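Got the viewer open and a free hand on the mouse? Let's take a walk through this structure, one selection at a time.

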Amino acid sequence: MTAKKKRGFTLAELVVTAAITVIVIGAAATIMITGLNIFGKSAQTAREQREITLAETALKENMVTATSYNITDTITVPTSSDDTENTDIYIAFEDDTLVMWIGKTKVTATDITEIDLTFVFKSGVCTAQYTIKTKGISHTGLIVMNNIKSVPGGEERYTLAPDSPNVLHMVIPKIDSGA
């Protein structure tokens, strides 16, 4: 009588196969989790960059033509019944959100944590240096304020932040539509 060969795997073969499978799945999971973390950080950085661009655009487009600026602790919100074109700009924090009132339009940015402003008047020219900060990015720029004729003491520094009552108020000249 001949012996039949038994088919199947030994216990040792099953243990080795299970161990290799666990190692491969663990490596794949690690790579996937790392990729998701990188994607999440990239998305956050992109959001912060968009909001910095938004705030910087509001500053650049309005400071260059501002006829005056001051730091106050209140925002005079334009009403919808106001028939005149409101050209005041207010930039401040409400809780942890940066709020920019540009005329009657309210724009918000939730990722900006602080704006530092330095106004300098030297040799007949007013400049405003700004630093816009988020948790991960800090961006600095400089604007020549063409219509500002003086700065008290030659230099003023202000910080707009969630824990600060400071509100930047700028008056922008009305544009004559020629009508």
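Here is a tour that goes from the overall fold to the core, the rings and the charged pairs.

**Stop 1: the whole chain**

Before you select anything, keep in mind that this is a predicted model. Colour by secondary structure and you should find one helix and nine strands. Follow the chain along its sequence and the pattern reads α-β-β-β-β-β-β-β-β-β. The chain has 179 residues, and 30% of them count as buried. Now switch on the surface: it comes to about 11800 Å², with 58% of that belonging to carbon and sulfur atoms. As for contacts between residues with a separation of 6 or more, 63% of them join residues 24 or more positions apart.

**Stop 2: the helix and a patch on it**

Select residues 11-63 to light up helix α1, and look for isoleucine 20 in it. Then add Val16 and Val24: together with Ile20 they form a nonpolar patch on the surface, with about 270 Å² of accessible area between the three.

Stay on the helix and pick glutamate 56, which is also in α1. Is glutamate 56 buried or exposed? It is buried, because its relative accessible area is 13%, under the 20% cut-off. Leaving aside residues up to four places away in sequence, glutamate 56 touches Tyr130, Ile132 and His139.

**Stop 3: the core**

Next, hide the surface and look inside. In soluble globular proteins, nonpolar side chains tend to be buried together. Here, the largest nonpolar core has 29 residues. To find your way in, select Met63, Ile91, Leu98, Phe119, Met145, Leu168 and Met170, the ones with the most contacts inside that core. Helix α1 and the strands β2 (88-94), β3 (97-102), β5 (112-122), β6 (125-134) and β9 (167-171) each supply at least two of the core's residues. The top contributor is α1, with five residues.

There is also a second, separate core of five residues, and Tyr90, Ala92, Val99 and Val167 are among them. Zoom in on valine 99, in strand β3. With a relative accessibility of 1%, valine 99 counts as buried. Its contacts, not counting residues up to four places away in sequence, are Tyr90, Ile91, Ala92, Glu94, Lys106, Val107 and Thr108. If you like using the distance tool, try valine 99 to alanine 55: they are 44 residues apart in sequence and 9.5 Å apart in space, C-alpha to C-alpha.

**Stop 4: the rings**

How many aromatic pairs does the structure hold? There are two. Show tyrosine 69 and phenylalanine 119 as sticks: their ring centres are 3.9 Å apart and their planes sit at 15°, so this pair is stacked. The two partners come from distant parts of the chain, with tyrosine 69 in strand β1 (residues 68-72) and phenylalanine 119 in strand β5, 50 residues apart. Both tyrosine 69 and phenylalanine 119 are buried. Add Tyr158 to the selection, and you have a cluster of Tyr69, Phe119 and Tyr158 linked by ring pairs.

Phenylalanine 119 has other residues around it too: beyond four places in sequence, its contacts include Met63, Thr127, Met145, Val151 and Leu168. Click on one of these, threonine 127, and you are in strand β6. Threonine 127 is buried, with a relative accessible area of 19%.

**Stop 5: the charged pairs**

Side chains of opposite charge can pair when their charged atoms come close. A search of the whole structure turns up six salt bridges, so pick out a few of them. Start with aspartate 111 and arginine 47, whose side chains meet at 3.9 Å, N to O. Aspartate 111 is in the loop between β4 (105-109) and β5, while arginine 47 is in helix α1, 64 residues apart. Aspartate 111 is buried, at 16% relative accessible area, whereas arginine 47 is partly exposed at 34%.

Then select lysine 106 and glutamate 94, a salt bridge of 3.7 Å, N to O. This one links strand β4, home of lysine 106, with strand β2, home of glutamate 94.

Finish with glutamate 114 and lysine 133, where the closest N and O atoms of the salt bridge are 3.1 Å apart. Glutamate 114 lies in strand β5 and lysine 133 in strand β6, so the pair ties together parts 19 residues apart in sequence. Add Asp116 to see the salt-bridge network that links Glu114, Asp116 and Lys133.

Technical notes:
Residues are numbered from 1 along each chain as its sequence is written. This is a predicted model: local features need pLDDT of at least 70, side-chain atom pairs count only at pLDDT 80 or more; totals for chains, interfaces and linings use all residues. Side-chain values use heavy atoms; hydrogens and water are left out. Patches are made of residues with over 30% relative accessible area and no salt bridge: like charges are joined within 9 Å, nonpolar side chains (Val, Leu, Ile, Met, Phe, Trp, Tyr) within 5 Å. Accessible areas come from the Shrake-Rupley method with a 1.4 Å probe; for residues, only the protein chains shown count as cover. A salt bridge is a side-chain nitrogen of Lys or Arg within 4 Å of a carboxyl oxygen of Asp or Glu. Helices (H or I, at least four residues) and strands (E, at least two) are DSSP runs, numbered from the N terminus. A nonpolar core is a set of buried Ala, Val, Leu, Ile, Met, Phe, Trp, Tyr and Cys residues joined through side-chain atoms within 4.5 Å. Buried means under 20% relative accessible area, exposed over 50%, partly exposed in between (1.4 Å probe, protein chains only). Contact means heavy atoms within 4.5 Å. Rings of Phe, Tyr and Trp (its six-membered ring) pair if their centres lie within 6.5 Å; planes under 30 degrees apart count as stacked, over 60 as edge-to-face and the rest as tilted.
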